[in-house]
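User: I'd like a close look at one part of this model and at what surrounds it. Please start from a single residue and work outwards, giving your cut-offs as you go.

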Amino acid sequence: MTPNAREMSESRHEHIPRLLTELAAVVGTTNVLTRPSQQQSYMQGAIEAITDATVAVVIPHSLVALWRVINICAAFDVIIIAQAANTGLTGGSTPNGDYDRPLVVISMQLLGGVHLLNDAAELIALPAATLQQLESTLAPLGREPHSVLGSSCVGASVIGGICNSSGGMLVQRGPAYTEMALFARRNASGAFELINHLGLDLGTQPEEMLDNLEAGTFNENLNSTNSKACTNHRYQHKVRDCEAETPARFNNDPNALYEASGSAGKVIVFAVRVATFAKPKREQTFYISTNDADTFTTLRQQWLKSELKLPVLAEYMHKDYNDITMHYGRDTCLSMRKLPASKIGTLYRLQAKIGYYLDTWHLPKTLPDRILQLSSRFMPLSLPATLTTQALSYNYHLIIKVADGFDSDFDNGINKDSDKNDDNNIAAVQAFLQNHMQQYQGALHICTELESQALLVFRSAATAAMSRYHNLNQDKFGELLSTDIALPRNAVDWDEALPNYLKRQVSKTFYLGHFFCHVLHQDYLLKPTTNAKQFKEDLLAFYDQRHIEYPAEHNVGHMYPAKAELHHFYKKLDPTNSLNPGIGQTEKWKNWRSSPIKEKLNDEFY
């Protein structure tokens with residue numbers, strides 16, 4: 001560290017003891033974590049955080065405590081990274097690299113809660129409310145949240161999905177979106193303002209409003225809700241336009257950015273108001289396999305142009321992904337079938353803590369994976385025998401679920417398809433698929449309920465299986481590069497053929513995705529000699545040539561650049577650049593300046 005850098009670092013840390021004292025006075029000393037062993041599970045998500053700027057992880061126990069904590073942080077001019085469930089895949093809710101100010105991570109894990117509105121047609125979700133919590137709350141009422149287990153990361157929070165424009169498997173509902181939220185914005189003078197766009201009468205003073213919200217003591221202000229949406233009603237029509245030259249959904253889409261929606265930590269979100277959806281009367285899953293990519297290209301185009309209702313989901317997996325999930329995903333599949341989501345989330349947090357101690361004790365980080373993989377040999381197969389045979393006999397596979405009597409919430413003149421008889425939808429789809437597959441070589445399997453559940457668990461376990469496969473075979477491969485891309489809706493080159501200059505740098509490729517949305521998740525196991533940084537740059541340039549947008553639904557995090565519209569959105573939300581700075585590879589320094597050390601050196605030079 002240069003003398004100038006050391007001087008600035010010492011100066012900006014001199015008030016930390018007083019900062020920690022004031023934070024502890026609000027949340028208690030046990031909820032101000034300062035030791036690395038305590039902070040580990042909050043500092044590392046899907047990608048490891050590398051920074052020494054974090055002075056504390058703070059865990060507020062109430063919305064009022066959260067309000068007080070962020071105002072203390074503002075008074076001390078420290079950076080805030082707000083963290084809901086920390087299940088993101090691009091490092092967007094963890095520190096990364098160097099910062100010009102001390103940094104506090106605020107974990108919302110104690111701030112759970114859901115309030116139902118309008119006979120459960122809508123709900124208010126507090127910061128730690130998870131999709132699984134919503135599922136269990138709504139199920140007895142015959143309703144579902146925006147995303148359901150199998151289409152979302154285990155333990156993922158509702159607010160995290162809104163802030164990151166998360167997509168998921170469900171074709172009719174599109175990215176998580178709302179225009180109704182209660183959030184705190186740090187203005188240009190450095191103070192926090194509490195903004196209530198929930199359409200609820202919560203009072204006038206911040207702490208009064210937050211107390212009323214948490215307790216559920218409020219009235220709906222009907223006049224404020226008329227022009228605000230709490231879901232993306234436009235997506236069904238957008239995804240059907242399979243002649244369009246642009247993708248259906250992607251994170252840099254300016255049309256999907258609104259206050260909390262897409263904010264990626266640039267505001268502090270206390271609550272969001274979101275729609276719920278009627279559960280289908282009946283569902284049916286079809287498993288379709290082929291060796292001809294055109295089979296699926298034409299199936300998608302013909303379905304989207306037809307009068308058939310959109311499927312609940314249409315998930316694509318390549319045979320290579322099936323193969324590794326069969327062999328490296330047995331324990332994950334078993335745990336997802338047998339354990340409640342809350343227990344799986346606990347296991348993930350335990351895994352992060354174990355990883356810290358393995359590193360501290362200089363033990364191989366792959367040790368837990370090796371033990372689990374060894375034990376998985378004695379566990380049931382990832383799929384029933386009939387599905388296993390089909391999954392390994394063809395190259396291309398679709399899991400398509402359809403329903404009778406579903407998503408009536410998209411009616412009211414918005415979904416013109418609602419005039420069709422929903423109760424005949426499954427029969428119409430079955431006839432369509434049978435007719436289509438008579439024209440192509442392949443297999444069509446009509447699943448039982450148990451087979452359907454097994455297929456969705458199998459699909460959800462795939463990425464964990466990929467990670468383990470790479471971890472346990474590091475001697476054979478270089479780095480694992482995962483991308484999250486949105487193809488143009490009219491693209492027919494979804495079965496990617498890498499050009500030779502890229503292909504010769506890759507050992508193996510693995511593809512899966514949300515097929516009707518044309519969102520793909522692609523994994524590249526690089527050769528040991530491949531320069532991963534240069535390969536990624538060349539790969540993204542190849543995507544640009546194909547008019548592909550990236551990322552599609554995992555947010556830019558610290559892996560992807562925010563394009564101009566998204567960059568401008570971040571600056572508008574956070575004019576002092578004090579909340580999650582650096583997201584989308586943007587500037588990290590206060591007031592969106594370049595490096596303060598460079599500025600100081602320039603001043604001294606001149």
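Analyst:
**From one residue outwards**

Gln434 lies in helix α15; helices (H or I, at least four residues) and strands (E, at least two) are DSSP runs, numbered from the N terminus. The model is predicted, so local features need pLDDT of at least 70 and side-chain atom pairs pLDDT 80 or more, while totals for chains, interfaces and linings use all residues. Residues are numbered from 1 along each chain as its sequence is written, and side-chain values use heavy atoms, with hydrogens and water left out.

With a relative accessible area of 35%, Gln434 is partly exposed; buried means under 20%, exposed over 50%, and partly exposed in between, with a 1.4 Å probe and protein chains only. Leaving out neighbours within four places in sequence, Gln434 is in contact with Leu444 and Ile446, where contact means heavy atoms within 4.5 Å. His445 is 11 residues from Gln434 along the chain, and their C-alpha atoms are 9.9 Å apart.

Helix α15 (425-438) also helps to cover the buried residues of α9, as do α8 (235-240), β14 (282-290), β15 (313-318) and β16 (396-404), among others. Those buried residues of α9 are Ala293, Thr295, Phe296, Thr297, Thr298, Leu299, Arg300, Trp303 and Leu304. The length of α9 is as expected: its 13 residues (293-305) should span 18 Å at 1.5 Å a residue, and its end C-alpha atoms are 19 Å apart, which agrees. The expected span is 1.5 Å times one less than the number of residues. At the start of α9, a side-chain oxygen of Asp292 comes to within 3.1 Å of the backbone nitrogen of Asp294. This is a polar contact: N or O atoms within 3.5 Å, one able to donate a hydrogen and the other to accept it within protein, with residues adjacent in sequence counted only if both atoms are side-chain atoms.

Further along, there is another residue worth a visit. Thr178 sits in the loop between α6 (158-163) and β8 (181-186), and it counts as buried because its relative accessibility is 1%. The Thr178 side chain reaches the backbone nitrogen of Met180 at 3.1 Å and the backbone oxygen of Arg273 at 2.5 Å. Beyond four places in sequence, Thr178 touches several residues, including Ile162, Tyr258, Val272 and Cys230. Cys230 is itself buried, at 10% relative accessibility, and Cys447 is buried too, at 7%. The disulfide count is 0, a disulfide being a pair of cysteine sulfur atoms within 2.5 Å.

That loop leads into β8, where 5 of the 6 residues are buried, so the strand is largely enclosed by the rest of the structure. Strand β8 is joined to β12 (residues 268-275) by 4 bridges and the two run antiparallel; strands pair if DSSP finds at least two bridges between them. Ala184 has Ile268 as its bridge partner in β12. Strand β8 also pairs with β9 (residues 192-196), again in the antiparallel sense, over 5 bridges, and there Arg186 is partnered by Phe192. The hairpin of β8 and β9 has 5 residues between the strands, and in it Gly190 takes a positive phi near 100°.
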